[in-house]
Amino acid sequence: MRLLLGLTLVVLGCGGSGEDKWTKDRPEVVDAEGVVTYQNEPVEGATVVFAPTDGKHAASGLTDSSGQFSVSAFPNSEGAVPGSYKVTVTKMETPSASGGGDGHGEAVAAPKNLLPAKYAETANTPLTADVPASGKTDFQFDLSD
């Protein structure tokens, strides 16, 4: 019983700081938030990806019903590493399964991006973001055809 209690205390003590071998060497992250609109309307359910120009730490997030997003570079940690990014925005529609069949042998349509293709690839996107060391919470990405 004492051994079990001792092991429990050791395990609890190791996890209390929130830092582990995976998190202790991570770079600092700062707030990186903004809004995505398309044709002057907020875009809900879009994936926003900050692709670093130095290739080190990408960050991503999803837009809510008002088009607002906040990106995360690491799990359980909001924010992006300060630096320069190319930004992609996609909103994928997954076709629903047509009824009637048993699902076997039926062709499944590929997901479709509902936003202009020029925002889907880092090679082509005109969107950029510079995240300063102090963070930035007012990125505005107004998408158009």
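**Close-up 1. The hairpin of S3 and S4, with glycine 55 taking a positive phi near 75°.** Welcome to this tour of a predicted model. Six residues lie between the two strands of the hairpin. Strand S3 covers residues 47–52 and pairs with S4 in the antiparallel sense, over four bridges. Follow the ladder residue by residue: valine 49 has serine 60 of S4 as its bridge partner, and threonine 47 has leucine 62 of S4.

**Close-up 2. Alternating side chains along S4.** In a regular strand, side chains alternate between the two faces of the sheet. Here Ala59 and Gly61 point to one face and are buried. Ser60 and Leu62 point to the other face and are not buried.

**Close-up 3. An open sheet of four strands in the order S4-S3-S6-S9.** The pairing is antiparallel. At the edges sit strand S4 (59–62) and strand S9 (128–131), each of which pairs on one side only. Neighbouring strands of this sheet are turned by 25° against each other on average, direction ignored. Strands of a sheet pair through backbone hydrogen bonds.

**Close-up 4. Threonine 88 and its surroundings.** You will find threonine 88 in strand S6, which spans residues 83–90. Is threonine 88 buried or exposed? Threonine 88 counts as buried because its relative accessibility is 7%, and the cut-off for buried is under 20%. Leaving aside neighbours within four places in sequence, threonine 88 is in contact with Thr47, Val48 and Val49, and also with Tyr119, Ala120, Glu121, Thr122 and Thr125. Thr47 and Val49 also appear in the first view, where their bridge partners in S4 are leucine 62 and serine 60.

Definitions and conventions
Residues are numbered from 1 along each chain as its sequence is written. This is a predicted model: local features need pLDDT of at least 70, side-chain atom pairs count only at pLDDT 80 or more; totals for chains, interfaces and linings use all residues. Side-chain values use heavy atoms; hydrogens and water are left out. Two strands pair if DSSP finds at least two bridges between them. Axes are lines fitted to C-alpha atoms, for helices over the stretch in contact, and angles run from 0 to 180 degrees between N-to-C directions. Buried means under 20% relative accessible area, exposed over 50%, partly exposed in between (1.4 Å probe, protein chains only). Contact means heavy atoms within 4.5 Å.
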